[in-house]
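This report describes one protein chain, taking its strand pairing, core and disulfide in turn. The sequence and structure are shown here.

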Amino acid sequence: MKKYLVLLLCLITLSCSLDDDAPIFNLEFIPIDSVVIPEEFELNTTYKISLKYTKPSNCHSFNDIYYAKNNNERTVAIVNSVLQNSDCTTLDTELEKSFDFRATKLGSYVFKFWQGRDESGEDIYIIEEVPVIE
């Protein structure tokens with residue numbers, strides 16, 4: 001009896017099909033146009049860092065802020081979900097997102113805000129070095 005139940009469950013599982021009409025999304029980095037960041041951080045204090053970017057179309061929607069740490073360096077980018085295979089309308093709407101940053105050690109932090117790629121395909125950044133004071 002158990003064999004038949006397992007066989008029946010396998011057949012049901014394998015007979016399911018994916019909905020071909022379901023929307024397909026890709027994730028895409030969106031260039032940061034400008035940044036509002038303090039000129040210096042006070043140790044153990046939290047700061048709001050604002051990012052302005054341009055939403056290219058109505059098929060783009062905010063997904064997340066990419067944030068990577070490497071010692072005192074922080075790489076930041078805007079991530080959008082992009083609806084594929086759809087009629088998109090160009091918007092070029094300026095939007096703003098922010099994140100909180102807490103300075104936890106003395107020295108300085110180097111922020112690299114992704115601005116896209118140059119003609120040779122190299123990443124370009126807005127680079128801000130912010131000292132930390134006590």
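## Strands 8 and 9

In this predicted model, Val110 has Glu129 in strand 9 as its bridge partner. The pairing of strand 8 with strand 9 is antiparallel and extends over ten bridges. The two strands make a hairpin, with five residues separating them. Within that turn, Gly121 has a positive phi of about 85°.

Strand 8 also pairs with strand 6, here in the parallel sense, through four bridges. One residue pair that shows this register is Val76 and its bridge partner in strand 8, Phe113.

## Strands 5 and 6

Strand 5 covers residues 60–70 and strand 6 covers residues 73–83. They run antiparallel and are joined by ten bridges. Ile65 lies opposite Ile78 of strand 6. This pair of strands is also a hairpin, with two residues between the strands. Asn71, in the turn, has a positive phi of about 55°.

## The 2-4-7 sheet

An open sheet is built from three strands in the order 2-4-7, with antiparallel pairing. Strand 2 (32–36) and strand 7 (90–102) are its edge strands, each pairing on one side only. From one strand to the next, the twist averages 20°.

Between strand 4 (residues 46–57) and strand 7 there are eleven bridges, and the two run antiparallel. In this pairing Lys52 stands opposite Glu96 of strand 7. Strands of a sheet pair through backbone hydrogen bonds, in either a parallel or an antiparallel sense.

## Nonpolar core

The largest nonpolar core has 20 residues. Those touching the most other members are Phe41, Ile49, Leu51, Phe111 and Phe113. At least two core residues come from each of strand 4, strand 6, strand 7, strand 8 (107–117) and strand 9 (123–133). Strand 4 is the largest contributor, giving four residues.

What does Phe113 touch, leaving aside residues up to four places away in sequence? Its contacts are Ile32, Val35, Ile37, Ile49, Leu51, Val76, Phe99, Ile124, Tyr125, Ile126 and Glu128. Among them, Val76 is also the bridge partner of Phe113, while Ile49 and Leu51 are themselves listed with the core residues that touch the most other members.

## Disulfide

The model has one disulfide. It joins Cys59 to Cys88, with an S to S distance of 1.9 Å. Cys59 is in the loop between strand 4 and strand 5, and Cys88 is in the loop between strand 6 and strand 7. The pair thus links distant parts of the chain, 29 residues apart.

Why is the disulfide called left-handed? The torsion about the S-S bond of Cys59 and Cys88 is about -100°, so the disulfide has left-handed geometry. The two cysteines fall into separate accessibility classes. Cys59 has a relative accessible area of 6% and counts as buried because this is under 20%. Cys88, at 41%, is partly exposed because its value falls between 20% and 50%.

## Chain as a whole

The secondary structure of the protein chain consists of one helix and nine strands. Along the sequence the pattern reads α-β-β-β-β-β-β-β-β-β.

Of the 134 residues in the protein chain, 26% are buried. The accessible surface of the chain is about 9,400 Å², and carbon and sulfur atoms account for 50% of that surface. Counting contacts between residues at least 6 apart in sequence, 65% join residues at least 24 apart.

Definitions and conventions:
Residues numbered from 1 in each chain as written. Predicted model: local features only at pLDDT ≥ 70, side-chain atom pairs only at ≥ 80, totals over all residues. Heavy atoms only, no water. Pairing = 2+ DSSP bridges. Axes fitted to C-alpha atoms, helices over the stretch in contact; angles between N-to-C directions. Core = buried A, V, L, I, M, F, W, Y, C linked by side-chain atoms within 4.5 Å. Buried < 20%, exposed > 50% of the residue type's maximum accessible area, 1.4 Å probe, protein only. Contact = heavy atoms within 4.5 Å. Areas by Shrake-Rupley, 256 points an atom, 1.4 Å probe, with all protein chains shown as cover. Disulfide = S-S within 2.5 Å.
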